[in-house]
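Here is a quick tour of a few spots worth a look. Open the viewer and follow along.

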Amino acid sequence: PTSAQVSAVPHPGRFLYTLDNDVLTTQQRQFYEDNGYLLIKKLVSDEDIERFRKEFVRICKREVNPPGAMIMKDESLRSQYGQSEKVVNKVQDFQEDKELFRYCTLPEKLYECICFNACAKNPLKLCPLCLRAHICHSPQQTFLHPMHQDLHYFPFRPADRIVCSWTAMERADQGNGCLFVQPGTHKQPLKPHGYPQWEGKTNKLFHGLLDEDEKTPKVHLVMEKGDTVFFHPLLFHGSGINKTSGFRKSISCHFASSECYYIDVKNTSQEHLEKELAEMVRKKYNATSVELRDIWNFRARLVQGERINL
């Protein structure tokens, strides 16, 4: 199925964000064009999700330690749960873990990615750039991500050549903090981001829109195990608080076309993010001079600069 023929030229004035092929229906393409996201039911198998879940538990127990992976924890829960998955919010940058990296190469998922402008060349090439496994939440946590645009974190363009793939590893609904989106906001420019002005502790690097209109209607994406949503990096989206006694596990990554190029974020709304990331890298690796572009180049080298040839 990944050998589908794709035209890189959209219909003038009709389809700007998707490509001509036989992967999606006209109705599905139009929905993505209008709303900036598209949910595909049961795209990832139960077998694959179970493998990802087991690998996550192994990482939490430190049975494996993938190089470069960032494990984010809620330290307030350590006294209660010790070294277990119940204290881990998120495993990010899992590109060196072969089992989790399989998610980025699943044929079924790549087949759907073909229709987006992230795969704009023929022969098609994909660059898995932002690889993360979101594992959320415990009932004691206030772990959530405020409304934001993913492009805020990316020092490359064009935005239309990037797409996120986000898969539910178990049912996600409003009770356990599912994703919520503001349809159509992918047509807006990148907005200023920063830490939300709310009481209590905020999560490191979890920036949100500074000028969010809370009155704008949101759509909560109720998803079953294996459901996958693809969305544009400019789409306004976030996740809520888990109010249940269980978890809400998901796994995600971003794909970008080989056509993408780096930009200098200095004197832009992303400059403060670069400074924050650079300080973290300097502390961790004792580096003297770091730029956001350097960090992303480093990530690219970690995956050996590979492109997935479809």
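## Ground rules

Buried here means under 20% relative accessible area. By that yardstick, both F52 and Y103 are buried, and we'll come back to them under the aromatic pairs. Keep in mind that this is a predicted model.

## Aromatic pairs

How many aromatic pairs does the count come to? The answer is six. One of them joins F52 and Y103 edge-to-face, with 6.0 Å from centre to centre and 85° between the planes. F52 sits in helix α2 (residues 46-60), while Y103 is in the loop between α4 (98-101) and α5 (107-113), so this pair ties together parts that lie 51 residues apart in sequence.

Elsewhere, Y32, F116 and F230 are linked into a cluster by ring pairs.

## Charges over rings

Y103 has another neighbour to look at: K109 lies over the face of its ring, 4.3 Å from the ring centre. There's a similar arrangement with an arginine: R29 lies over the face of F15, at 4.0 Å from the ring centre.

## Helix α6

Helix α6 covers residues 271-285, which makes 15 residues. At 1.5 Å a residue that should give a span of 21 Å, and the end C-alpha atoms are indeed 21 Å apart, so the expected and modelled values agree. Right after α6 comes N286, with a positive phi near 55°.

Which residues of α6 are buried? They are L273, E274, E276, L277, A278 and V281. When you look at the spacing of that list, remember that an α-helix has 3.6 residues a turn, so residues three or four places apart point the same way.

## A buried glutamate

E274 belongs to helix α6. Its relative accessible area is 8%, under the 20% cut-off, so E274 counts as buried. What does E274 touch, leaving aside residues up to four places away in sequence? Its contacts are V265, K266, E291 and L292.

## A buried threonine in a loop

Now jump to T185, which you'll find in the loop between β8 (179-182) and β9 (193-194). Buried or exposed? T185 has 6% relative accessibility, so it counts as buried.

A polar atom of the T185 side chain lies 2.6 Å from the backbone oxygen of Q182. Not counting residues up to four places away in sequence, T185 also touches L234, L235 and F236.

Terms used: Residues numbered from 1 in each chain as written. Predicted model: local features only at pLDDT ≥ 70, side-chain atom pairs only at ≥ 80, totals over all residues. Heavy atoms only, no water. Helix = DSSP H or I, 4+ residues; strand = E, 2+ residues; numbered from the N terminus. Expected span 1.5 Å × (residues − 1). Buried < 20%, exposed > 50% of the residue type's maximum accessible area, 1.4 Å probe, protein only. Polar contact = N/O pair within 3.5 Å; in protein donor to acceptor, adjacent residues only side chain to side chain. Contact = heavy atoms within 4.5 Å. Phe/Tyr/Trp six-rings, centres within 6.5 Å; stacked < 30°, edge-to-face > 60°. Lys NZ or Arg CZ within 6 Å of the ring centre and 35° of its normal.
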